[in-house]
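Reader: Please take a close look at the side-chain contacts along one helix. I would like one connected account, with the remaining charged groups added for context.

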Amino acid sequence: MFSGLFAICGLINRKIDLVERRQDQLELKVAENYVSYSEFNRRWDEMLRVFIRIEDKIDAHLSDDSQRKRVIKEKYNL
C-alpha cells in the first residue's frame with residue numbers, strides 16, 4: 001500500500017517538474033521577444049559607462065589631489 005502511494009507521489013512530482021520546465025522555457029521565449037540578448041548587453045554596457053562616469057565625478061569631488069580634479073573636469077567638461 002505504501003509503495004503504491006509513493007509511486008503515485010513520484011509520478012505527480014515528475015509531472016510538476018515537467019510543467020515547471022515548460023513554463024520556464026515559455027517565460028524565456030516571451031522575454032526574448034521583448035528584449036534581445038544583444039540589445040540587453042548594449043544597454044547594460046551603456047549603464048555601466050554611466051556608473052563609471054558618476055564614480056569618476058564623485059572621486060574628483062572627494063579627492064584632495066588638485067591634478068586629479070583638473071583631469072576629471074577636463075574629461076567631462078565640468
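Author: What follows deals with the contacts of helix α2 and then turns to other charged side chains. The model is predicted, and every value below is computed from it.

Helix α2 covers residues 37–62. A convenient place to begin is arginine 42, which has a relative accessible area of 39% and is therefore partly exposed, the range between 20% and 50%. One salt bridge of arginine 42 goes to glutamate 39, where the closest N and O atoms are 2.9 Å apart. Both residues belong to helix α2 and are three residues apart, about one turn of the helix. Glutamate 39 has a relative accessibility of 28%, so glutamate 39 also counts as partly exposed.

Arginine 42 also meets glutamate 46 in a salt bridge, with an N to O distance of 2.6 Å. Here the two partners are four residues apart in helix α2, again about one turn of the helix. Glutamate 46 counts as partly exposed because its relative accessibility is 30%.

Outside this helix, arginine 70 and glutamate 74 form another salt bridge, and their closest N and O atoms are 3.0 Å apart. These two residues lie in helix α3, residues 66–76, and because they are four residues apart there, about one helical turn separates them. Arginine 70 is partly exposed, since its relative accessibility is 39%. Back in helix α2, salt bridges with shared partners join Glu39, Arg42, Arg43 and Glu46 into one network. With a cut-off of 4 Å between a side-chain nitrogen of Lys or Arg and a carboxyl oxygen of Asp or Glu, the count of salt bridges comes to five.

Helix α2 carries an aromatic contact as well. A search of the whole structure finds one aromatic pair. The pair consists of phenylalanine 40 and tryptophan 44, with 6.2 Å from centre to centre and 20° between the planes. The pair counts as stacked because its planes are under 30 degrees apart. Both residues lie in helix α2, four residues apart, which is about one turn of the helix. Phenylalanine 40 has a relative accessible area of 46% and so is partly exposed. Tryptophan 44 is likewise partly exposed, because its relative accessibility is 40%.

The last group is a set of acidic residues. Asp17, Glu20, Asp24 and Glu27 gather on the surface in a patch of negative charge. Residues enter such a patch if they have over 30% relative accessible area and no salt bridge, with like charges joined within 9 Å. Two of the members can be placed in more detail. Glutamate 20 is found in helix α1, residues 2–34, and with 43% relative accessibility it counts as partly exposed. Aspartate 17 is also found in helix α1. Its relative accessibility is 37%, so aspartate 17 counts as partly exposed. As for its position, aspartate 17 is 24 residues from asparagine 41 in sequence, and their C-alpha atoms are 31 Å apart in space.

Definitions and conventions:
Residues are numbered from 1 along each chain as its sequence is written. This is a predicted model: local features need pLDDT of at least 70, side-chain atom pairs count only at pLDDT 80 or more; totals for chains, interfaces and linings use all residues. Side-chain values use heavy atoms; hydrogens and water are left out. Patches are made of residues with over 30% relative accessible area and no salt bridge: like charges are joined within 9 Å, nonpolar side chains (Val, Leu, Ile, Met, Phe, Trp, Tyr) within 5 Å. Accessible areas come from the Shrake-Rupley method with a 1.4 Å probe; for residues, only the protein chains shown count as cover. Lys and Arg count as positive and Asp and Glu as negative; His and the chain ends are not counted. The place of a charge is taken as NZ of Lys, CZ of Arg, CG of Asp or CD of Glu. Buried means under 20% relative accessible area, exposed over 50%, partly exposed in between (1.4 Å probe, protein chains only). Rings of Phe, Tyr and Trp (its six-membered ring) pair if their centres lie within 6.5 Å; planes under 30 degrees apart count as stacked, over 60 as edge-to-face and the rest as tilted.
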